Amino acid sequence: MNGVNETWDTIIVGAGIAGLSAALYASRQRLKTLVLSKDLGGQLTLTELIENYPGIDAVSGLSLARKVESQAKKFGAKFVYDEEVVEIERVQDGFIVKGILGEYKGTTVILAFGKTPRELNVPGEKELKGKGVSYCAICDAAFFKDQPAVIVGEGEPGLEAIELLSKYAKPAYYVSRSRTLVGEDSIIKEVMQRPNVTLYLGYEVVRIIGNNKVEGIVVRNLESKEEVTLSVNGVIIEMGYVLKTDFLKGLVKLNEKGEIVIDREGRTSVEGIFAAGDVTDSKYKQAVVAAAEGVIAALSAYNYIREKKGLPPVNVDWKAEKKKTTVSLRL
Ligand SMILES: Cc1cc2nc3c(=O)[nH]c(=O)nc-3n(C[C@H](O)[C@H](O)[C@H](O)COP(=O)(O)OP(=O)(O)OC[C@H]3O[C@@H](n4cnc5c(N)ncnc54)[C@H](O)[C@@H]3O)c2cc1C
């Protein structure tokens, strides 16, 4: 599997929900599919429960990822973990995908390597990740209903996060290095008027406290250096996300944020390279959106290969299945 003598129909970079969904659809289309990833599940594993995936009441991110991985494996997709892709080179009839463990050749590539939330890099953060420390207010604010919790944030994402958290948490703290709230006036007004909100503007985080679950946070005034300890059950960090797309510069088109620009069919600026999920310039960064984009990218890769072989593109997989049902009904 590790080598350029073998050619894969598609190489998927990343085994988050976008890459896994792409693997499921690519392998079901009988494409020879290879997934290269640093880990299984990606950001899904940063949250305890996913409660807004259609059709599922609540599921742990890791079990959702394992389920889709096993579905894809059933159709022949191969997975290599602990592999970090660092370069992609265009060659005749495809691409060489270079990782730290090896090099792989693919006719098409699907980039689905997500985003990494920006971390505070303070003591306690790493140890309490998924145990009260989270990086997604839209996903996790509701877990802190009637409990003390804090948003550590910057700019508009931070403001929107405290606006949301303050609908649930009591008290809801907002800690920001910035000395003013930044964002829409109406949202600022709403946040300021909520009695359960306390703002710590011009403060930085010193450490997060807790033994196997978050119990508090220590913050420090940037000017006076005075430290304050807040008792909280949850710390939601909304400092934006880090995109690690530098290695793609000069290959595919990136926007000003470094996100991969795609069209509605998951195509990048380079023929044969597709992208899906949080790594793209799509606006809404949610699991179901990433999954759907993975599916689109896989079907587009499939059609690209068909076209290269002089075959007409097909629309969707279920057409074949429907045909089978129709035949059996007639019998
Ligand atoms: C704390 C938290 C809670 C969330 N909760 C929810 C929720 O409840 N509901 C919801 O819909 N969404 C939620 N989200 C958002 C959702 O998780 C993401 O939108 C979604 O998981 C993105 O999937 P992805 O596959 O695009 O990327 P990712 O999940 O980021 O996966 C990327 C994968 O690529 C791998 N990778 C990265 N770089 C490389 C490389 N160079 N080479 C090889 N592999 C690489 C990573 O290891 C990872 O496996 C949450 C996000 C966070 C952070």
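In which helix is the place of K74? K74 sits in helix α2, residues 61-74, and a close-up of this residue comes after the overview. The model shown here is predicted, with local features requiring pLDDT of at least 70, side-chain atom pairs counted only at pLDDT 80 or more, and totals for chains, interfaces and linings taken over all residues. Residues are numbered from 1 along each chain as its sequence is written.

**View 1. The whole chain and its two domains.** Let us start with the full picture: the chain holds 7 helices and 17 strands (DSSP runs numbered from the N terminus, H or I of at least four residues for helices and E of at least two for strands). The C-alpha trace spans about 70 × 50 × 40 Å along its principal axes. The chain is divided into domain 1 (3-115 + 243-321) and domain 2 (133-238), with bounds from an automatic or database domain assignment. The C-alpha centres of domain 1 and domain 2 lie 35 Å apart. Of the 331 residues, 40% count as buried; a residue is buried if 20 or more other C-beta atoms, placed from the backbone, lie within 10 Å of its own, exposed if 12 or fewer, and partly exposed in between. Among contacts between residues at least 6 apart in sequence, 59% join residues at least 24 apart, a contact being two C-beta atoms, placed from the backbone, within 7 Å.

**View 2. K74 in helix α2.** Here we return to the residue of the opening question. K74 counts as exposed because it has 11 C-beta neighbours inside 10 Å. From K74 to S224 the C-alpha to C-alpha distance is 60 Å, with their positions 150 residues apart in sequence.

**View 3. The shell around the ligand.** Which residues of the shell come nearest to the ligand? Of the 39 residues around the ligand, they are G16, G42, G114, C139 and G277, where a residue is near if its C-beta atom, placed from the backbone, lies within 6 Å. Two or more shell residues come from each of β1 (3-15), α1 (17-28), β2 (33-40), α3 (137-140) and α6 (287-308). The largest share, 4 residues, is given by β2. By residue class the shell divides into 18 nonpolar, 12 polar and 9 charged; Ala, Val, Leu, Ile, Met, Phe, Trp, Tyr, Cys and Pro count as nonpolar, Asp, Glu, Lys and Arg as charged, and the others, Gly among them, as polar. The ligand lies between domain 1 and domain 2, because both give residues to the shell.

**View 4. Strand β1 and its partners.** β1 joins strand β6 (residues 103-111) through 7 bridges, and the two run parallel; strands pair if DSSP finds at least two bridges between them. Along this pairing, W8 stands opposite G106 in β6. β1 also pairs with β2 in the parallel sense, over 5 bridges. There, V13 stands opposite L36 in β2.

**View 5. An open sheet with helix α4 packed on it.** What is the order of the strands in the open sheet of 5 strands? The order is β8-β15-β9-β10-β11, with parallel pairing. β8 (133-134) and β11 (197-201) are the edge strands, each pairing on one side only. β8 pairs with β15 (residues 234-238) in the parallel sense over 2 bridges, and the bridge partner of S134 is I236 in β15. Helix α4 (residues 155-165) packs on the sheet, touching β9 (149-153), β10 (172-176), β11 and β15. The direction of α4 makes about 170 degrees with that of β9, using lines fitted to C-alpha atoms, for helices over the stretch in contact, and angles from 0 to 180 degrees between N-to-C directions.

**View 6. The buried residues of α4.** G158, L159, A161, I162, E163 and L165 are buried in this helix. They pack against α3, β9, β10, α5 (185-193), β11 and β15.

**View 7. Backbone details in three loops.** A cis peptide bond joins K170 and P171, with omega about -15 degrees, and P171 lies in the loop between α4 and β10. D82, though not a glycine, has a positive phi of about 60 degrees; look for D82 in the loop between β3 (78-80) and β4 (85-91). D82 counts as exposed because 11 C-beta neighbours lie inside 10 Å. D146 has a positive phi near 60 degrees and is a residue other than glycine; D146 lies in the loop between α3 and β9. With 8 C-beta neighbours inside 10 Å, D146 counts as exposed.
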